[in-house]
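Please walk through this structure with the sequence and the 3D view side by side. Begin with a charged pair, then move out to the fold, the interior and the surface.

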Amino acid sequence: MANLRELRDRIRSVNSTKKITKAQELIATSRITKAQARVEASQPYAQELNNVMNRLAAASSLDHPMLTPREDTRVAAILVVSSDRGMCGGYNNNVFKKAAELEAALKQRGLEVVRYVTGNKGVGFYKFREDPVAGAWTGFSQDPSWEATHNVRRHIIDGFLAGSNGTAKSREGVNEGQPVRGFDEVHVVFTEFESMLSQTARAQQLLPVVPVIQEEDLQLPESATAATTEEVTADYEFEPDADTLMNALLPQYVSRTLFSMFLESSASESASRRNAMKSATDNATALVKDLSRVANQARQAQITQEITEIVGGAGALSDSAESD
């Protein structure tokens with residue numbers, strides 16, 4: 001009876017856990033849809049901004065601190081994008097592993113690495129290992145907004161513009177009230193959403209920006225010859241000049257690129273949590289099935305034993321009556 005009681009208690013416990021994981025799975029599924037919608041809604045603006053930046057890159061001198069690699073690069077910043085909550089499978093572990101690989105590669109180049117983190121899980125991970133973190137921001141991994149990510153985006157840009165020889169203005173989450181040392185490169189480790197079943201940790205250089213100059217796809221008439229072909233360029237006029245526009249738009253471009261990484265990570269976190277909770281729910285269902293089978297076998301054995309005892313007792317009474 002004690003064994004059967006323990007099995008029933010365990011079945012009730014597993015069923016309670018199953019309800020929690022099923023609810024988490026449903027919540028994560030609904031959030032994936034919203035996160036994907038936000039990513040898709042941001043694409044038109046991001047695409048148009050990319051087009052404008054490509055046109056400006058073709059027309060400007062490309063002489064800007066955010067475009068030019070530093071000759072005396074000494075300090076590289078790594079921004080690790082993790083989640084605020086757990087229960088999302090290997091999502092955070094893959095990010096930390098990729099960040100460690102990137103850090104090792106940067107140190108091989110002789111660079112000093114400065115680590116920044118977003119998400120409570122990342123803060124706890126490095127704090128437990130006593131690894132230094134120059135700045136941390138939390139509270140927006142599941143639902144990043146332009147306002148919530150303002151401080152991290154501005155700090156990354158200001159720190160790069162200051163360079164390793166200068167200091168940047170302190171913002172919330174980074175040594176508040178004290179100047180912050182700048183850096184010469186910025187790399188971001190985030191998770192790219194590929195599909196509902198596939199999310200991949202990526203390491204991408206954010207600064208300095210590598211400009212991509214698009215070439216016009218020009219098709220000349222078949223009758224044109226090399227002697228009569230003249231150089232054809234796109235007819236674009238910039239007001240003010242291209243260099244001025246580049247100076248004004250580059251911070252917006254970098255800020256928007258970083259924000260899109262937060263959106264990708266948000267969708268990936270929800271997808272990872274949904275997959276993890278679905279696996280947990282399926283495992284709980286299988287475990288309850290196995291435990292129920294064992295409980296039924298124990299109950300059947302108990303009933304058989306009770307019947308055997310009753311039959312044996314009846315037989316003993318019958319033998320006693322005949323002897324009288």
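## A first salt bridge

Which residue forms a salt bridge with Lys107? Glu103 does, and the closest N and O atoms are 3.1 Å apart. Keep in mind that this is a predicted model. Lys107 and Glu103 both sit in helix α2, residues 91–108. They are separated by about one helical turn because they lie four residues apart in that helix. Glu103 is buried, because its relative accessibility of 14% is under the 20% cut-off.

This pair has a further partner. Salt bridges that share partners join Glu103, Lys107 and Arg115 into one network.

## The fold in outline

The protein chain has five helices and seven strands. Along the sequence they follow the pattern α-β-α-β-α-β-α-β-β-β-β-α. The chain counts 324 residues, and 38% of them are buried.

Contacts reach across the sequence. Take those between residues at least 6 apart in sequence: 74% of them join residues at least 24 apart. Gly135 and Glu172 offer a pair to look at on screen. They are 37 residues apart along the chain, yet their C-alpha atoms are separated by 8.9 Å. Gly135 belongs to strand β3, residues 135–137. Gly135 is buried, with a relative accessible area of 2%.

## More salt bridges

How many salt bridges does a search of the whole structure find? The search finds 15. Side chains of opposite charge can pair when their charged atoms come close. Asp158 and Arg154 form one such bridge, at 2.8 Å from N to O. Both residues lie in helix α4, residues 150–162. They are four residues apart, about one turn of the helix. Are the two buried or partly exposed? Asp158 is buried, at 17% relative accessible area. Arg154 is partly exposed, at 25%.

Glu192 and Arg202 make another bridge, with their closest N and O atoms 2.7 Å apart. Glu192 lies in strand β6 and Arg202 in strand β7, so this pair ties together parts that are 10 residues apart in sequence. Glu192 is partly exposed at 29% relative accessibility. Arg202 is partly exposed too, at 33%.

## Thr118 and the cavity

Thr118 is in strand β2, residues 112–118. Thr118 is buried, since its relative accessible area is 2% and the cut-off is 20%. Which residues does Thr118 touch, leaving out those up to four places away in sequence? The contacts are Leu79, Val80, Val81, Ser82, Trp137, Phe140, Val152 and Phe262.

Thr118 also helps to line the largest cavity. The other lining residues are Val81, Ser82, Phe140, Ser141, Pro144, Phe262 and Ser265. About 50 Å³ of space lies in this cavity. The count of cavities of 30 Å³ or more comes to one.

## The largest pocket

The largest pocket has a volume of about 500 Å³. The elements that give two or more residues to its lining are α1 (2–59), β6 (185–193), β7 (199–207) and α5. Which element gives the most? Helix α5 does, with eight residues.

In total, 22 residues line the pocket. Nearest its centre lie Asn50, Gln204, Tyr253, Thr257 and Ser260. To find the pocket on screen, these five are the residues to select.

## The surface

The protein chain exposes about 18,700 Å². Carbon and sulfur atoms supply 51% of that area.

What makes up the nonpolar surface patch of about 260 Å²? Ile303, Ile307 and Val311 make it. Val311 sits in helix α5, residues 242–323. Is Val311 buried or exposed? Val311 counts as exposed because its relative accessibility is 55%, over the 50% cut-off. Helix α5 therefore appears twice in this report: it holds Val311 of the patch, and it gives eight residues to the lining of the largest pocket.

Note on methods: Residues are numbered from 1 along each chain as its sequence is written. This is a predicted model: local features need pLDDT of at least 70, side-chain atom pairs count only at pLDDT 80 or more; totals for chains, interfaces and linings use all residues. Side-chain values use heavy atoms; hydrogens and water are left out. Patches are made of residues with over 30% relative accessible area and no salt bridge: like charges are joined within 9 Å, nonpolar side chains (Val, Leu, Ile, Met, Phe, Trp, Tyr) within 5 Å. Accessible areas come from the Shrake-Rupley method with a 1.4 Å probe; for residues, only the protein chains shown count as cover. A salt bridge is a side-chain nitrogen of Lys or Arg within 4 Å of a carboxyl oxygen of Asp or Glu. Buried means under 20% relative accessible area, exposed over 50%, partly exposed in between (1.4 Å probe, protein chains only). Contact means heavy atoms within 4.5 Å. On a 1 Å grid over the protein atoms alone, a cavity is a set of points where a 1.4 Å probe fits but cannot get out, and a pocket is an open set with protein on both sides within 12 Å along at least five of seven lines; lining residues have an atom within 4 Å of a point. Grid points are joined across faces, edges and corners, and a volume is the space filled by probe spheres set on the points.
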